[in-house]
Amino acid sequence: QVQLVESGGGSVQAGGSLRLSCAASGTIFSINTMAWYRQAPGKKRELVARISTGGSTNYADSVKGRFTISRESKNTVYVQMNILQPEDTAMYLCNVETPWGNYWGQGTQVTVSS
């Protein structure tokens, strides 16, 4: 059993910034990757950013140059989101891939107003 606790979501004006955090706890001995996905109403879930154990990162084209994913502890992942746009409005979900399976957080809402 793995629990993911997300925080940092909220409402922000266009051009503003937010930092989301995700802390994994439970029976975790190894994490392959940690990632942030987002899903807006009526749209499919989209990979936002991913970071591997070795530090390799991947970003959606739409957020490159604005979002930065990082791991500040072995079981914690952050995404710094700058120059937020209304199109970034979505539920952001933390995802952790382990040798025993993939796990999802409950999500944290990000709303960007015009």
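1. Let's start at Lys43, in this predicted model. Lys43 lies in the loop between S4 and S5. Is Lys43 buried or exposed? Its relative accessibility is 55%, so Lys43 counts as exposed, the cut-off being over 50%. For a sense of distance, pick out Gly26 as well: Lys43 and Gly26 are 17 residues apart in sequence, while their C-alpha atoms are 31 Å apart in space.

2. Stay with that loop for a moment. S4 and S5 form a hairpin, and six residues lie between them. In the turn you will find Gly42, with a positive phi of about 80 degrees. The two strands run antiparallel and are joined by six bridges. Two partners are good to look up here: Met34 has Ile51 as its bridge partner in S5, and Trp36 has Ala49 as its partner in that strand.

3. Now follow S5 onwards to S6, which covers residues 57-59. These two strands are also antiparallel, and three bridges join them. Arg50 stands opposite Asn58 in S6. S5 and S6 form a hairpin too, with four residues between them, and Gly55 in its turn has a positive phi of about 95 degrees.

4. Next, look at how covered S4 is. How many of its seven residues are buried? Six of them are, so that the strand is mostly covered, with buried meaning under 20% relative accessible area. Met34, which sits in S4, has a relative accessible area of 0% and is therefore buried. You can also find Ile69 from here: it is 35 residues away from Met34 along the chain, with 9.3 Å between the two C-alpha atoms.

5. S4 has a further antiparallel partner in S9, and seven bridges join the two. Within this pairing, Arg38 stands opposite Tyr92 of S9. S9 spans residues 90-98, and Thr98 belongs to it. Thr98 has a relative accessibility of 8%, so it counts as buried. Setting aside neighbours within four places in sequence, Thr98 is in contact with Ser30, Ile31, Asn32 and Tyr103.

6. Then there is an open sheet to trace. Which order do its four strands follow? The order is S1-S3-S8-S7, and the pairing is antiparallel. S1 and S7 are the edge strands, each pairing on one side only. From one strand to the next, the twist averages 20 degrees. Inside the sheet, S3 and S8 pair in the antiparallel sense over six bridges, and Leu20 stands opposite Val79 in S8.

7. The loops beside S8 deserve a look as well. Asn75 is placed in the loop between S7 and S8. Its relative accessibility is 19%, and because the cut-off for buried is under 20%, Asn75 counts as buried. If we leave aside neighbours within four places in sequence, Asn75 is in contact with Cys22, Ala23, Ala24, Ile28, Ile31 and Met34. In the loop between S8 and S9 sits Ile83, which has a positive phi of about 50 degrees although it is not a glycine.

8. With the strands in place, we can turn to the nonpolar core. In soluble globular proteins, nonpolar side chains tend to be buried together. Here the largest nonpolar core has 29 residues, and those with the most contacts inside it are Trp36, Phe67, Val77, Met81 and Tyr92. Which elements give two or more residues to this core? They are S1 (2-7), S3 (18-26), S4 (33-39), S5 (46-52), S7 (67-73), S8 (76-81), S9 and S11 (108-113).

9. Met81 is a good residue to click on within that core. Not counting residues up to four places away in sequence, Met81 touches Gly16, Ser17, Leu18, Leu20, Arg66, Phe67, Tyr92 and Val110. Two of these names, Phe67 and Tyr92, are also listed with Met81 among the residues with the most contacts inside the core.

10. Finally, a word on rings. What lies over the face of Trp104? Arg45 does, at 4.4 Å from the ring centre. As for rings that pair with each other, the count comes to one aromatic pair.

Technical notes:
Residues are numbered from 1 along each chain as its sequence is written. This is a predicted model: local features need pLDDT of at least 70, side-chain atom pairs count only at pLDDT 80 or more; totals for chains, interfaces and linings use all residues. Side-chain values use heavy atoms; hydrogens and water are left out. Buried means under 20% relative accessible area, exposed over 50%, partly exposed in between (1.4 Å probe, protein chains only). Contact means heavy atoms within 4.5 Å. A nonpolar core is a set of buried Ala, Val, Leu, Ile, Met, Phe, Trp, Tyr and Cys residues joined through side-chain atoms within 4.5 Å. Rings of Phe, Tyr and Trp (its six-membered ring) pair if their centres lie within 6.5 Å; planes under 30 degrees apart count as stacked, over 60 as edge-to-face and the rest as tilted. A charge sits over a ring if NZ of Lys or CZ of Arg is within 6 Å of the ring centre and within 35 degrees of the ring normal. Two strands pair if DSSP finds at least two bridges between them. Axes are lines fitted to C-alpha atoms, for helices over the stretch in contact, and angles run from 0 to 180 degrees between N-to-C directions.
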